[in-house]
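User: Please take a close look at one part of this model, a sheet in the first chain, and then place that part in its wider setting. I would like a connected account rather than a list.

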Amino acid sequence: MTDRNVRVVVPIVVISGVAAAATAAQLVYGQVSGPGVAAAPVASGPSAPPYGAAGGGRADTAGRPPGLVRIDYRLTRLPTHASNQIAIWIEDRAGRYVRTLFATSFTANGGYVRRPMSLPRWREAADWENATEAEIRAASRPAQESGEHSVYWDGTDRNGRPVPPGTYVYRIEGNVLWENRVLFTGEIRVGETAHESRARVEHLPAAARDQGVLLDGVRAAFLPGERLGPARVTAYTRGS
Amino acid sequence: MTSPIDGVRERIMGTEVLVAGVPPAEAATVLAWLRRVERTFSRFTAESDAGRANSGRPVTVSHLFLLALADGMAYAEATGGLFSPWLAREMERIGYADDFAAMEGRPRGSAEPAALAGGPGDLPMVEVDFTRRAVRLRGPVGVDLGGFVKGWAVQKAADALREAGVRSGLIDAGGDLVCWRGPAEPAWRIGVEHPLTGEPAAVIEPPASDLPAAVATSSAVRRSWDGAAGERLHHIIDPRTGRPADSDCVQATVFSSDLAAAEVYAKCLVVLGTEEGPAWLSEHDPDAGWIVVDLDGAVVSRR
């Protein structure tokens with residue numbers, strides 16, 4: 001090893017100032033996260049609605065959900081006031097609320113008191129003003145950056161109980177500018193076979209169409225038999 | 001080599017990420033976090049903090065960038081320079097200037113470092129002001145936290161989930177992974193792929209523990225290619241020479257409780273070789289386990 005080679009690779013490093021610190025929870029969740037944040041399924045809460053009308057049937061004999069639903073969407077953050085709040089939730093085909101998968105933390109944690117125009121359709125469907133602390137923690141997440149995103153529904157309701165096979169409705173509501181909103185609605189079949197769908201869009205009011213594209217490309221896929229459980233996983237390490 | 005895995009997969013940071021055994025909302029949060037890390041640290045995009053810093057201009061970087069950079073610099077000091085976050089120019093010179101999957105068919109690089117012209121402006125110099133979040137890289141030097149930050153970010157995600165009460169989970173970023181479980185949860189099984197045969201060189205089941213189990217592997221085989229002069233090149237650079245490591249170790253796997261540390265130590269073992277490497281690691285982290293594979297395919301381990 002020669003001095004020349006050392007100089008090629010090892011730079012002179014000049015450091016000033018003090019490095020700040022952050023906990024893993026602050027980094028990953030964007031906020032301080034206490035015990036119970038991952039309390040999904042929620043341990044307690046209002047009684048679940050009867051889902052029989054959604055399509056009949058029941059979860060498998062082990063009480064497990066029949067698979068996994070992935071909801072994909074593209075978010076484009078808008079540099080406008082009172083925008084970028086979104087919520088994603090599931091209803092049964094009869095319009096009964098099943099579960100919230102994602103809600104921007106400002107609105108999920110009571111921001112609607114200051115901004116009543118924040119996600120009113122979702123708040124009404126979920127009766128969010130009466131949501132339990134555990135429900136709020138499970139659904140609340142920091143505002144997402146622009147880009148492609150996915151959320152997953154494991155086929156359980158707000159109480160963590162598997163839903164029976166049937167057709168379910170997924171919705172994404174977003175605030176585009178103040179009270180101008182966009183609402184995507186699609187149906188996904190949960191059962192023994194794979195299913196995919198694209199959501200249709202409504203602008204609320206119609207003039208919201210001219211306020212920018214906050215969300216697009218909303219679609220869902222049902223993956224039968226997929227679960228997020230730790231069953232007999234083998235992963236391989238092979239050099240990265 | 002693969003078996004059915006229940007989990008969520010997505011291609012992030014140039015590799016397949018698997019998140020398994022955690023609730024769906026948490027899986028989505030982990031993937032969103034790793035996408036954010038990719039946007040911040042990718043040296044393949046001019047808009048990232050790493051890309052802007054590598055432009056040579058004085059730039060303001062994110063808090064996230066500085067956190068990982070500070071940890072990377074601490075490992076550089078702790079390893080006596082066997083690990084370095086300042087090898088971006090060397091990576092470019094050897095031809096690793098794009099996402100590896102996109103490199104196929106491109107002109108290949110050279111192992112030999114260029115001679116310095118010798119003027120003051122030609123000396124590599126790094127200025128980091130943590131208070132003002134300012135970074136300036138002068139001369140022939142660039143920042144590359146690539147593999148390190150992947151392990152660092154996966155560890156942060158696992159720590160956050162464990163702090164939040166998730167009792168069991170696995171986050172696997174292209175074979176560098178963290179898993180954890182309580183006594184009541186089933187064991188995770190981790191296979192170590194042999195670099196020359198593709199068969200399992202070992203399979204381990206980390207015990208239930210208060211600490212996570214982190215496993216990282218560095219390989220001089222997996223991401224390798226022919227250079228412009230016909231020499232075999234790979235992406236594990238020896239910071240002492242600026243060339244791809246040429247020890248007798250073609251693959252090293254390290255088991256630790258922290259994936260960033262495991263990632264660093266696995267690289268150091270490939271740099272040092274199958275004799276000096278394990279001896280060095282036993283001094284730096286006596287609790288770490290390791291498996292090394294030499295040029296002939298022989299496997300030696302301490303677990």
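Analyst: In this predicted model, four strands of chain A form an open sheet in the order S6-S2-S11-S9, with antiparallel pairing. The edges of this sheet are taken by strand S6, residues 147-153, and strand S9, residues 195-198, each of which pairs on one side only. From one strand to the next the twist averages 15°.

Within this sheet, strand S2 of chain A, which covers residues 67-75, runs antiparallel to S11(A) and is joined to it by eight bridges. The register of that pair can be read from A:Asp72, which stands opposite A:Arg219 in S11(A). Strands of a sheet pair through backbone hydrogen bonds, either parallel or antiparallel.

The loop that lies between S10 and strand S11 (215-224) of chain A contains A:Pro205, and the peptide bond that joins A:Leu204 to A:Pro205 is cis, with omega at about -5°. Strand S10 itself belongs to another open sheet of chain A, in which six strands follow the order S5-S4-S3-S7-S8-S10 and the pairing is mixed. Strand S5 (140-141) and strand S10 (200-204) stand at the edges of that six-stranded sheet with a single partner strand each, so one side of each is left without a neighbour in the sheet. Further inside the order, strand S7 (residues 166-177) and strand S8 (residues 180-190) of chain A run antiparallel and are joined by eleven bridges, and in this pair A:Leu177 stands opposite A:Asn180 in S8(A).

Away from these strands, one backbone feature of chain A deserves mention: A:Leu119, a residue other than glycine, has a positive phi near 50°. A:Leu119 is placed in the loop between helix H3 (105-108) and helix H4 (120-126) of chain A.

How far the coordinates can be read depends on the confidence, and for chain A the mean pLDDT is 77, with 75% of the residues reaching 70 or more. Over residues 31-62 of chain A the pLDDT stays under 50, although the model has 83 contacts for this stretch beyond four places in sequence. A second stretch of chain A, residues 229-233, also has pLDDT below 50, and the model gives it 15 contacts beyond near neighbours in sequence. Where pLDDT is low, the predicted coordinates should not be read in detail.

For the wider setting, chain B offers a set of helix pairs that can be followed through H5(B). Two packed helices are described by the angle between their axes and the distance between the axes. Helix H1 (residues 24-41) of chain B packs against H5(B) at an angle of about 150°, with the axes 10 Å apart, which means that H1(B) is roughly antiparallel to H5(B). The crossing in which H1(B) passes H5(B) is right-handed. On the side of H1(B) the contact is made by B:Glu26, B:Val30, B:Trp33, B:Leu34, B:Val37 and B:Phe41, and on the side of H5(B) by B:Val149, B:Ala153, B:Ala157 and B:Leu161. By class, the contact of H1(B) with H5(B) comprises nine nonpolar residues, no polar residue and one charged residue.

Helix H5 (residues 146-163) also packs against helix H6 (residues 259-272) of chain B, at an angle of about 155° and with the axes 7 Å apart, and therefore H5(B) is roughly antiparallel to H6(B). Their crossing, too, is right-handed. The residues of H5(B) that make this contact include B:Gly147, B:Phe148 and B:Trp152, while those of H6(B) include B:Leu259, B:Glu263 and B:Val264. The contact of H5(B) with H6(B) has seven nonpolar, three polar and one charged residues.

H6(B) in turn meets helix H7 (residues 276-284) of chain B, where the axes come within 7 Å and cross at roughly 145°. Among the residues in this contact are B:Tyr265, B:Cys268 and B:Leu269 of H6(B), together with B:Pro278 and B:Trp280 of H7(B). The residues of the contact between H6(B) and H7(B) divide into seven nonpolar, one polar and one charged.

Chain B also has a hairpin, in which strand S16 (residues 289-294) and strand S17 (residues 299-302) pair in the antiparallel sense over four bridges. B:Ile291 stands opposite B:Ser301 in S17(B), and in the hairpin, which has four residues between the strands, B:Gly297 takes a positive phi near 90°.

Terms used:
Residues numbered from 1 in each chain as written. Chains lettered and ligands numbered in written order. Predicted model: local features only at pLDDT ≥ 70, side-chain atom pairs only at ≥ 80, totals over all residues. Axes fitted to C-alpha atoms, helices over the stretch in contact; angles between N-to-C directions. Helix = DSSP H or I, 4+ residues; strand = E, 2+ residues; numbered from the N terminus. Parallel < 35°, antiparallel > 145°, perpendicular 65-115°, else oblique. Left-handed = near helix turned anticlockwise from the far one by under 90°. Contact = placed C-beta atoms within 7 Å. Nonpolar A, V, L, I, M, F, W, Y, C, P; charged D, E, K, R; others polar. Pairing = 2+ DSSP bridges. pLDDT = per-residue confidence, 0-100.
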